[in-house]
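The exercises below ask you to work through parts of one structure step by step. Please keep the sequence and the model open beside the text while you follow each solution.

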4 protein chains.
Amino acid sequence: MSNFDVAQLAHVELFSPKPEDTVRFFTQFMGLQVTETKGQSVYLRAYEDFYHHTLKITEAKEAGMAHSAWRASSEAALYQRVQSLEKSGYGKGWIDGDLGHGQAYQFQTPDGHNMEILWDVEYYKAPEDQKTKLKSRPQKRPNVGIPARRLDHINLMCSNVTQNKNFMADELGFKLRENILMNDGLEMGAWMSVSPLVHEIALMKDLGGAKGRFHHIAYWYGYPQHLMDLADLLVENDIVIEAGPGKHGVSQAYFMYVFEPGGNRVEMFGDAGYLILDPDWKPVTWKEEELDKGIIWYGSPLPEEYFLYGTPDNKVSKVILK
Amino acid sequence: MSNFDVAQLAHVELFSPKPEDTVRFFTQFMGLQVTETKGQSVYLRAYEDFYHHTLKITEAKEAGMAHSAWRASSEAALYQRVQSLEKSGYGKGWIDGDLGHGQAYQFQTPDGHNMEILWDVEYYKAPEDQKTKLKSRPQKRPNVGIPARRLDHINLMCSNVTQNKNFMADELGFKLRENILMNDGLEMGAWMSVSPLVHEIALMKDLGGAKGRFHHIAYWYGYPQHLMDLADLLVENDIVIEAGPGKHGVSQAYFMYVFEPGGNRVEMFGDAGYLILDPDWKPVTWKEEELDKGIIWYGSPLPEEYFLYGTPDNKVSKVILK
Amino acid sequence: MSNFDVAQLAHVELFSPKPEDTVRFFTQFMGLQVTETKGQSVYLRAYEDFYHHTLKITEAKEAGMAHSAWRASSEAALYQRVQSLEKSGYGKGWIDGDLGHGQAYQFQTPDGHNMEILWDVEYYKAPEDQKTKLKSRPQKRPNVGIPARRLDHINLMCSNVTQNKNFMADELGFKLRENILMNDGLEMGAWMSVSPLVHEIALMKDLGGAKGRFHHIAYWYGYPQHLMDLADLLVENDIVIEAGPGKHGVSQAYFMYVFEPGGNRVEMFGDAGYLILDPDWKPVTWKEEELDKGIIWYGSPLPEEYFLYGTPDNKVSKVILK
Amino acid sequence: MSNFDVAQLAHVELFSPKPEDTVRFFTQFMGLQVTETKGQSVYLRAYEDFYHHTLKITEAKEAGMAHSAWRASSEAALYQRVQSLEKSGYGKGWIDGDLGHGQAYQFQTPDGHNMEILWDVEYYKAPEDQKTKLKSRPQKRPNVGIPARRLDHINLMCSNVTQNKNFMADELGFKLRENILMNDGLEMGAWMSVSPLVHEIALMKDLGGAKGRFHHIAYWYGYPQHLMDLADLLVENDIVIEAGPGKHGVSQAYFMYVFEPGGNRVEMFGDAGYLILDPDWKPVTWKEEELDKGIIWYGSPLPEEYFLYGTPDNKVSKVILK
């Protein structure tokens with residue numbers, strides 16, 4: 001049974017071998033805002049993100065996810081999760097914090113993805129010229145690019161989906177919302193959440209044969225027209241659109257996938273999908289023969305590399321970026 | 001502090017003096033589906049509603065809300081709430097159930113709005129010709145009207161907003177998300193939820209001077225274009241649009257308000273608004289001098305009767321329907 | 001130099017081996033209206049089409065275009081064109097007319113596509129219950145399907161694009177707006193119009209090796225959201241979407257291509273494209289190496305059969321419909 | 001009967017008492033591009049405008065339209081119109097040209113609005129970093145503001161609509177598309193065009209009692225979502241939205257009206273409206289009792305000042321700008 005100890009995805013740290021280009025991509029095209037810069041890292045957020053940052057870009061030799069962070073539902077909930085993680089053997093220990101948040105407990109998924117859980121966050125405070133009269137909005141709507149509204153979810157590639165799914169469920173209270181089950185029993189993907197969103201995390205079988213890789217981070221737009229606007233802008237500026245706009249059957253997301261210049265895949269989520277408000281939701285399982293409509297309900301298909309390429313690039317997958 | 005015992009708004013029963021016209025409005029223009037008819041009542045749902053019905057139209061002399069029903073988070077949570085309601089003095093007792101659900105506990109708000117809480121629900125089962133390959137969708141997308149996707153929220157007029165707000169918080173665990181506070185201390189409106197939605201219930205000061213009236217039921221569309229499509233269709237068919245499409249500051253809803261032929265106000269919710277995923281959300285309070293932008297951020301303004309007319313009509317308010 | 005003797009595409013007659021299914025497709029999904037039925041033919045129009053019909057579906061063994069009809073700019077202009085067509089050797093002679101229009105002059109393109117030109121048309125008169133207060137709209141907005149707004153253009157496959165392009169220019173005054181020129185000098189496609197629309201007619205090289213075939217008819221929607229709505233509805237109802245929604249570079253059309261049950265390809269045109277108001281417009285020529293972006297600017301790619309399949313099906317092309 | 005000597009609205013020159021703020025409004029919010037600056041004038045265009053400029057902002061004590069320019073269909077057509085204008089008594093004579101165009105013939109409407117007609121235009125040439133692979137687009141899609149796509153039309157206030165309408169028809173070949181006729185025979189408005197657009201010019205009775213004033217310039221967006229995006233951005237930045245988004249019955253435009261900081265009214269045109277391709281179009285006349293739906297089909301109503309305020313401000317109209 002699920003607990004309610006994790007509340008939301010708080011932020012994601014990505015590695016980039018071209019941090020300046022990466023930051024330019026997120027700010028100039030997706031309208032993200034830089035909150036602060038420190039050392040080799042730049043802290044960013046979308047204009048409807050309430051905290052100090054939801055994205056941290058850190059210079060590194062290879063692209064990939066440095067870590068993702070979950071916010072607990074309360075301070076007590078944080079300690080409850082830490083206790084459980086410590087027992088699980090996947091815990092790594094406390095850190096004092098970072099820009100934008102206080103102490104956090106670090107751990108790994110069975111596949112080796114780095115994560116942390118925390119309670120104490122710093123809220124974004126808009127400077128005078130960014131203050132808005134729309135009181136539930138943390139700052140003015142940006143005037144550059146096609147601005148994303150908020151961080152939505154992450155998708156992680158796994159050598160073993162089921163094992164990592166069980167970890168997220170048992171240790172962190174994530175509920176399974178949808179999954180893909182092949183005829184031979186292999187679980188190809190799992191979509192999990194702690195809120196009515198269909199997923200804050202998706203786990204996908206790594207067909208490239210690697211372990212612990214990152215598939216994509218998703219920012220939320222909400223309006224289909226904005227994906228078209230962004231697609232138009234990206235094509236003009238020679239940014240590679242991998243797929244979309246189009247609509248998945250799984251999760252009902254109206255999607256677009258793009259490679260930021262550092263090599264990480266970014267999803268733009270173009271509508272509201274559907275919300276799971278039913279407390280007794282039974283996971284939707286897509287069988288092998290139903291996958292066709294499950295992967296693409298309509299619109300732009302996914303290329304093969306979608307299932308093979310992750311960051312860091314294991315060189316097995318088809319090279320698609322120069 | 002909030003509990004998690006209530007999960008969602010399950011259904012609403014509306015009275016209509018012209019039930020055939022009312023049902024025709026919801027089915028022909030808003031694309032709702034009739035599940036069943038019994039006695040003087042017709043049971044309906046939107047195509048993404050998972051349960052037997054989310055709307056029950058019952059013939060009566062006067063328009064108004066017969067009752068609204070909340071689904072508990074579990075059977076245990078149901079009994080916990082009932083215990084608390086019984087102590088509160090607002091409990092009325094159990095009923096065996098109705099089409100679409102099992103036993104339910106009835107109660108009233110301090111203002112006298114009828115409500116119930118339940119756990120046991122019947123899921124909608126699509127007939128063969130309505131089965132869809134989109135596995136998280138309970139039936140095919142309808143081909144008539146501009147189909148609403150799901151029930152969203154209710155808005156109740158109150159003689160005393162604060163008293164009813166406290167009741168919803170204390171007895172049912174609703175969290176205050178936004179409210180309006182006048183300079184003299186009067187609370188004009190309160191938006192509350194048990195999920196990341198900004199509200200499943202709104203409470204508005206009844207400026208018509210009545211008690212226990214109904215302001216509106218809202219169905220969710222998600223796409224702004226659909227409100228324009230529906231507006232076009234309604235104008236063609238002489239249905240009165242009271243206001244919209246336009247965007248509220250409060251709740252950030254892209255709205256349209258329409259009178260169904262029986263006289264009840266219906267809101268069409270045209271985008272995703274914003275979601276509150278922060279477990280430590282501090283309510284947004286709009287002060288009197290901020291109301292201008294709070295009520296209309298942009299677009300179609302609200303007429304005076306919006307604040308005066310509710311159902312049943314107390315004859316104090318300006319008569320706007322013939 | 002262009003004359004102004006042809007004003008617009010008036011209507012198109014399509015053959016269908018499954019006329020009932022074809023009519024059902026156009027009425028139930030695309031919201032077209034049946035004006036009249038006579039013999040083996042059904043006459044239809046979209047709700048913003050002003051004339052008696054823009055589409056005539058006629059039962060036949062094989063799918064294909066029976067004919068397309070152009071409306072002259074005036075009666076005098078009609079006679080001027082007929083004189084020229086008679087001299088050209090492609091004229092066939094006058095017919096008395098059909099339901100919805102008076103006398104028309106029949107002719108063929110060099111490739112053998114049947115066409116006619118006419119002046120005298122019958123305007124659609126809405127029955128009492130379809131009359132609208134929107135005085136520039138010929139009838140109420142329909143309440144079924146995702147209604148197309150008006151006929152837009154036709155696309156014809158040609159054994160020789162240049163020859164047919166010259167014919168349309170010389171005999172009918174069409175202006176070349178865009179074309180595709182391969183490195184070996186072959187003209188692969190030509191987009192032509194007599195109005196600020198980029199095209200009322202497109203001519204495409206028939207890579208299936210046939211002569212005089214039909215590629216598609218296009219109805220205009222104007223709003224991208226409606227293509228998504230229609231895609232959703234079609235997928236639910238097992239109608240084959242060949243490609244889209246997506247955006248062409250050539251013509252800047254936001255497109256979707258679908259096979260109606262009789263086998264003809266239908267395009268839904270989802271935005272306004274761009275208008276050519278410049279009287280001195282120089283045709284835009286896409287070279288072979290620019291085709292990538294010319295064919296798909298962003299979104300859903302075109303499958304190979306798009307370039308091979310036309311109606312009637314010459315059996316050379318991949319069979320994609322059962 | 002109409003001639004085809006005028007092809008399109010080429011550009012508009014506006015006076016502004018706050019030229020820097022005015023230019024900032026058009027560039028930062030509406031995404032217009034500055035082509036050139038000379039003396040007290042700045043030359044601008046939208047990203048899909050093909051010529052050197054479509055808007056010239058010139059510093060002046062009072063807001064208003066300095067002049068509007070029509071492009072002839074050919075050089076011969078230009079001379080034909082000039083001959084006719086000279087005879088009419090409204091001609092003023094030739095000028096050598098301006099930045100972006102060659103010689104032009106100046107004239108006035110009967111109400112005194114300054115206009116010119118020209119043939120020789122300079123096409124916009126994108127600098128290297130603005131070149132696009134979308135060959136029918138003159139430059140890359142801009143990355144700032146919510147970019148308008150092209151100049152659409154002007155609306156002029158007239159002391160006598162009928163007189164000015166006749167002038168535009170007789171001297172320039174404009175066709176009447178729609179008009180408003182009061183019960184006492186007064187023509188309140190006329191919408192005229194030389195292309196399938198419903199209007200390149202609208203003439204409105206000046207209820208403020210003045211002569212020769214300017215009502216608004218309209219830029220075209222095409223997508224309703226963009227008007228909502230722009231509304232959001234403008235409200236954030238304290239720009240006054242007079243009305244909209246909403247839909248007119250007359251012209252079927254999806255509109256928004258805004259005051260640029262210099263005081264001129266600007267319309268954003270948010271969809272494609274409808275096109276008049278019928279060469280035998282009979283003007284649509286809205287009678288007094290039909291005006292309700294004619295002015296607003298749905299959405300945001302027009303305030304009284306819409307009918308009173310024009311530039312220059314005659315001080316009779318309600319002052320709405322500080």
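**Exercise 1. Find which residue of S11(D) stands opposite D:Glu178, and place this pair in its sheet.**

Solution. Begin with the pair itself: D:Glu178 stands opposite D:Trp191, which lies in S11(D). The model is a predicted one, and in it strand S10 of chain D, residues 175-181, is joined to strand S11, residues 187-193, by six bridges in the antiparallel sense. Next, follow the chain between the two strands: S10(D) and S11(D) form a hairpin with five residues between them, and in the turn D:Gly185 has a positive phi of about 95°. Then turn to strand S17 of chain D, residues 284-287, which runs parallel to S10(D) and is joined to it by four bridges; here D:Ile180 stands opposite D:Trp286. Finally, consider the surroundings of S10(D), where five of the seven residues are buried, leaving the strand mostly covered.

**Exercise 2. Explain why strand S14 of chain D is described as largely enclosed, and identify its partners.**

Solution. Start with burial: six of the seven residues of S14(D), residues 241-247, are buried, so the strand is largely enclosed by the rest of the structure. One partner is strand S15 of chain D, residues 254-259, with which S14(D) pairs in the antiparallel sense over four bridges. The hairpin of these two strands has six residues between them, and D:Ser251 takes a positive phi near 75° there. Another partner is strand S18 of chain D, residues 298-299, which runs antiparallel to S14(D) and is joined to it by two bridges. As a last step, locate D:Gly246, which stands opposite D:Phe255 in S15(D) and also opposite D:Gly299 in S18(D).

**Exercise 3. Decide whether A:Ser193 is buried or exposed, and trace its polar contacts.**

Solution. First, locate A:Ser193 in strand S11 of chain A, residues 187-193. Its relative accessibility is 0%, and because buried means under 20%, A:Ser193 counts as buried. Next, examine its side chain, which makes a polar contact of 2.8 Å with the side chain of A:Arg177, while a polar atom of the A:Ser193 side chain lies 2.7 Å from the backbone oxygen of A:Leu197. Leaving aside residues up to four places away in sequence, A:Ser193 also touches other residues, among them A:Phe174, A:Val198 and A:His199.

**Exercise 4. Determine what kind of axis relates chain A to chain B.**

Solution. Chain A superposes on chain B, with an RMSD of 0.0 Å, after a rotation of 180° and 0.0 Å of shift along the axis. That is the relation of a two-fold axis. In chain A, the C-alpha nearest this axis belongs to A:Ala272, 3.0 Å away from it.

Key. Residues are numbered from 1 along each chain as its sequence is written. Chains are lettered from A and ligands numbered from 1 in the order in which they are written. This is a predicted model: local features need pLDDT of at least 70, side-chain atom pairs count only at pLDDT 80 or more; totals for chains, interfaces and linings use all residues. Side-chain values use heavy atoms; hydrogens and water are left out. Buried means under 20% relative accessible area, exposed over 50%, partly exposed in between (1.4 Å probe, protein chains only). Two strands pair if DSSP finds at least two bridges between them. Copies are superposed by least squares on the C-alpha atoms of residues with pLDDT of at least 70 in both. A polar contact is a pair of N or O atoms within 3.5 Å; within protein, one must be able to donate a hydrogen and the other to accept it, and residues adjacent in sequence count only if both atoms are side-chain atoms. Contact means heavy atoms within 4.5 Å.
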